[in-house]
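Biologist: I'm new to this one, and I'd like a close look at one thing: the charged side chains and how they pair up. Please start there, then show me what surrounds them.

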Amino acid sequence: MNVITETLQEARSAIDALLANEKGLAAIAAAGRILSGSLKDGGRIYSCGNGGSMCDAMHFAEELSGRYRLDRRPLPATAISDPGHMTCVANDFGYDAVFSRYIEAHGRAGDCLLAISTSGKSPNVLAAARAAAAQHISVIALTGRVGCPLSPLATVEICTPAGRFADRVQEVHIQVLHILVELIERELFPENYRD
């Protein structure tokens, strides 16, 4: 029982820390505005990450292209996760290029990249952020370590330190991702939030 209660208490502490972090809350709000603005102006959203962060990137994209809570039109969002693309690029250029090559191929000025890295130092995520910036694509960084290498590459960084290991950080990340989806929906589909 100690492991269960300690884990839940640590998770609750991570959420409480974010709630008390005014800079972090402001970053979430700013990210929501950038994402909504990109979609309003005809842009697309791309997301990327490794391991659990790739799963989060996919989850975020499908909430937009599919649906979140109520029906509405689909939104153009894609997680960079196609196995054919990733294995081709990894084989020909190295794994560090799997996300950046996709952005170079598909990204356009006015789009937005959600770059997820719990450490904030994944080489392929850093390369994607650099490629996005070179194409005038906004970068929302979702990280878990203060002062990480991804931070200066971001238009907005949402940093959620949450313990020694990535699992707590990822738990907070999924909360943030759901909030971002809701912020986008509230801006683009206010009729779904009138009740």
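Modeller: Counting Lys and Arg as positive and Asp and Glu as negative, with His and the chain ends left out, the protein has 18 positive and 22 negative charges, and the mean positions of the two sets are 3 Å apart. For that sum, each charge is placed at NZ of Lys, CZ of Arg, CG of Asp or CD of Glu. Before going on, bear in mind that this is a predicted model, where local features need pLDDT of at least 70 and side-chain atom pairs count only at pLDDT 80 or more, while totals for chains, interfaces and linings use all residues. Residues are numbered from 1 along each chain as its sequence is written, and side-chain values use heavy atoms, with hydrogens and water left out.

Now for the pairing itself. Side chains of opposite charge can pair when their charged atoms come close. A salt bridge here is a side-chain nitrogen of Lys or Arg within 4 Å of a carboxyl oxygen of Asp or Glu, and searching the whole structure turns up eight of them.

Let's begin with E10 and R168, whose side chains form a salt bridge at 2.8 Å, N to O. This one links distant parts of the chain: E10 sits in helix α1 (residues 2-19) and R168 in helix α7 (residues 166-188), 158 residues apart. Helices and strands, by the way, are DSSP runs numbered from the N terminus (H or I, at least four residues, for a helix; E, at least two, for a strand). The two partners aren't covered to an equal degree: R168 counts as buried because its relative accessibility is 7%, whereas E10 is partly exposed at 38%. The cut-offs are under 20% relative accessible area for buried, over 50% for exposed, and partly exposed in between, using a 1.4 Å probe and protein chains only.

R168 has another partner too: its side chain meets that of E171 in a salt bridge, 2.8 Å from N to O. This time the partners are both in helix α7, three residues apart, or about one turn of the helix. E171 counts as partly exposed, since its relative accessibility is 33%. Add D167, and you get a network of salt bridges linking E10, D167, R168 and E171.

Helix α7 doesn't stop there. Another salt bridge joins the side chains of E185 and R72, with 2.8 Å between N and O. R72 lies in the loop between α3 (52-65) and β2 (77-79) while E185 is in helix α7, so this pair ties together parts that are 113 residues apart in sequence. Both E185 and R72 are buried.

What do those helices belong to? The protein has seven helices and five strands, and along the sequence they run α-α-β-α-β-α-α-β-α-β-β-α. The radius of gyration, taken over C-alpha atoms, is 16 Å, close to the 16 Å that the globule rule gives for 195 residues, so the protein is as compact as a globular protein of that length. That rule is 2.2 Å times the number of residues to the power 0.38. Laid along the principal axes, the C-alpha atoms fill a box of roughly 50 × 40 × 30 Å.

As for cover, 47% of the 195 residues are buried. The protein exposes about 9,700 Å², of which carbon and sulfur atoms supply 54%; the areas come from the Shrake-Rupley method with a 1.4 Å probe, and for residues only the protein chains shown count as cover. Long-range links show up in the contacts as well (heavy atoms within 4.5 Å): among those between residues at least 6 apart in sequence, 68% join residues at least 24 apart.

Two uncharged residues make handy examples. S38, in helix α2 (residues 22-40), counts as buried at 6% relative accessibility. Not counting residues up to four places away in sequence, S38 touches G43, R44, G110, D111 and C112. N124 is in helix α6, and at 2% relative accessibility N124 is buried as well. Setting aside neighbours within four places in sequence, N124 contacts N50, Y95, D96, V98 and F99.
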